[in-house]
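Work through the following exercises with the sequence and the model side by side. Try each task before you read its solution.

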Amino acid sequence: MPFMAADLPRLSAPAQARFAEGIAGLRVRLAELLEQLGHADARAEASSMLSELVGALSLARAEPDRERSDTILARSRASLKQRFALELLQ
């Protein structure tokens, strides 16, 4: 997603629409899972989660230092697990 999002404005309208459909589907599925875990505002939380996941991946890929890149991903993963009470899920 991060690499596609950057090029999306240059793609055709049908490609942009398909990308948007895919993102919407992923967001819906995340919301369903969060709802099953008892999250009251699952739709908003799913949107936030997806945004953080994509953002963290984008920043990690842009970071030339492997250790800092791994740290970005690890901190984001830990934050998401804590915020959404996913620590117990493996």
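**Exercise 1. Compare the expected span of α2 with the distance between its end C-alpha atoms.**

Solution. Begin with the 24 residues of α2, a helix (a DSSP run of H or I of at least four residues, where strands are runs of E of at least two, all numbered from the N terminus). The expected span is 1.5 Å times one less than the number of residues, and for α2 this comes to 34 Å. The end C-alpha atoms of α2 are 35 Å apart, which agrees with that expectation. Just after α2, G38 has a positive phi of about 95°.

Before going on, note that this is a predicted model, in which local features need pLDDT of at least 70 and side-chain atom pairs count only at pLDDT 80 or more, while totals for chains, interfaces and linings use all residues. Residues are numbered from 1 along each chain as its sequence is written, and side-chain values use heavy atoms, with hydrogens and water left out.

**Exercise 2. Describe the protein chain as a whole: how many helices and strands does it have, and what percentage of its residues is buried?**

Solution. Counting elements gives 4 helices and 0 strands, and along the sequence they follow the pattern α-α-α-α. The C-alpha atoms fill a box of roughly 40 × 35 × 20 Å along the principal axes. Of the 90 residues, 21% are buried, where buried means under 20% relative accessible area, exposed means over 50%, and partly exposed lies in between (1.4 Å probe, protein chains only).

**Exercise 3. Which helix gives the most residues to the largest nonpolar core?**

Solution. A nonpolar core is a set of buried Ala, Val, Leu, Ile, Met, Phe, Trp, Tyr and Cys residues joined through side-chain atoms within 4.5 Å. The largest one here has 13 residues, and L30, L34, A46, M49 and F84 have the most contacts inside it. Both α2 (13–36) and α3 (42–62) supply at least two residues of this core, but α2 gives the most, with 5 residues. The buried residues of α2 are F19, I23, L30, A31 and L34. Turning to A46, and leaving aside its neighbours within four places in sequence, we find it in contact (heavy atoms within 4.5 Å) with R27, L30, A31 and L34.

**Exercise 4. At what angle do the axes of α3 and α4 cross, and which residues of the two helices meet?**

Solution. The axes, which are lines fitted to C-alpha atoms over the stretch in contact, with angles from 0 to 180 degrees between N-to-C directions, come within 8 Å and cross at roughly 170° for α3 and α4 (residues 66–83). The two helices are therefore roughly antiparallel, since angles over 145 degrees count as such, under 35 as roughly parallel, 65 to 115 as roughly perpendicular and the rest as oblique. Among the residues that meet are M49, L53 and L57 in α3 and I72, L73 and L80 in α4. E63 is placed in the loop between α3 and α4, and, neighbours within four places in sequence aside, it contacts R68, S69 and I72.

**Exercise 5. Are A74 and A85 buried, partly exposed or exposed?**

Solution. A74, in helix α4, has a relative accessible area of 36% and is therefore partly exposed. A85, in the segment after α4, is exposed at 51%. The phi of A85 is near 55°, a positive value in a residue other than glycine. Most residues other than glycine have a negative phi.
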